[in-house]
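Subject: Structure handover

Hello,

Here is the structure for you to take over. Please open it first, then read the notes below.

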Amino acid sequence: MNALDSLYQQVILDHAKARHGDRLLDAPDAEHFERNPTCGDEITVRVRLEPDTDRVAELGWQGDGCSISMASASVLTDMAVGRTVPELLALTDEFRTMMRSRGAGEPDEDVLEDLIAFHGVSKFVMRVKCGMLAWVAAEAAVREATAAR
Ligand code: ZN
């Protein structure tokens, strides 16, 4: 393992421990449950938008699963709050593209921030769903929250 790989692994382990956003919101606009049967990861993501904008005001989740899935949910919380729904959906697409890259390419760290740590995970096809799980749930939740307006 090179120095960069181990740095990225540390980012994932730190987030898996910190679990930012690991609490369910009381009055969400929408919630979505996702399950990853191959690994056994489960997550429920709840979101609340700002009353007069399409900006994410709060995001919280409750889940159980491997370090990769929990770390990804923690990074999601850090990166989703304050973004508009279209911005979050665009970021999700960027992340999905990287996770489907099988370790190829040079993802943009300015855009992906801590998500860059998951680039190495994309080499392991079985773990891609672990990385995407919280993001897929959030994607569905913000779409539902927007549609409900
Ligand atoms: Zn997993």
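These notes cover the zinc site and then helix 2.

This is a predicted model: local features need pLDDT of at least 70, side-chain atom pairs count only at pLDDT 80 or more, and totals for chains, interfaces and linings use all residues. Residues are numbered from 1 along each chain as its sequence is written, and side-chain values use heavy atoms, leaving out hydrogens and water.

Zinc site
- The zinc ion has protein donors from Cys 39 (SG), Asp 41 (OD, listed twice), Cys 66 (SG) and Cys 130 (SG), at 2.1 to 2.7 Å. Donors are N, O and S atoms within 2.8 Å of the metal (3.2 Å for Na, K and Ca); water is not among the atoms, so sites may look incomplete.
- The donor spacing in sequence is C-x1-D-x24-C-x63-C.
- Asp 41 is buried, at 0% relative accessible area. Buried means under 20%, exposed over 50%, partly exposed in between (1.4 Å probe, protein chains only).
- Cys 130 is also buried, at 0%. Cys 66 counts as buried at 16%. Cys 39 is partly exposed at 32%.
- The whole structure has zero disulfides (pairs of cysteine sulfur atoms within 2.5 Å).

Helix 2
- Helix 2 covers residues 67-80. Helices are DSSP runs (H or I, at least four residues), numbered from the N terminus, and strands are E runs of at least two.
- Twelve of its 14 residues are buried. Among them are Ile 68, Met 70 and Leu 76.
- The buried residues of helix 2 pack against several elements, including helix 1 (3-18), strand 2 (41-49) and helix 5 (125-147). Contact means heavy atoms within 4.5 Å.
- Gly 82 follows helix 2, with a positive phi near 95°.

Best wishes

Terms used:
Expected span 1.5 Å × (residues − 1).
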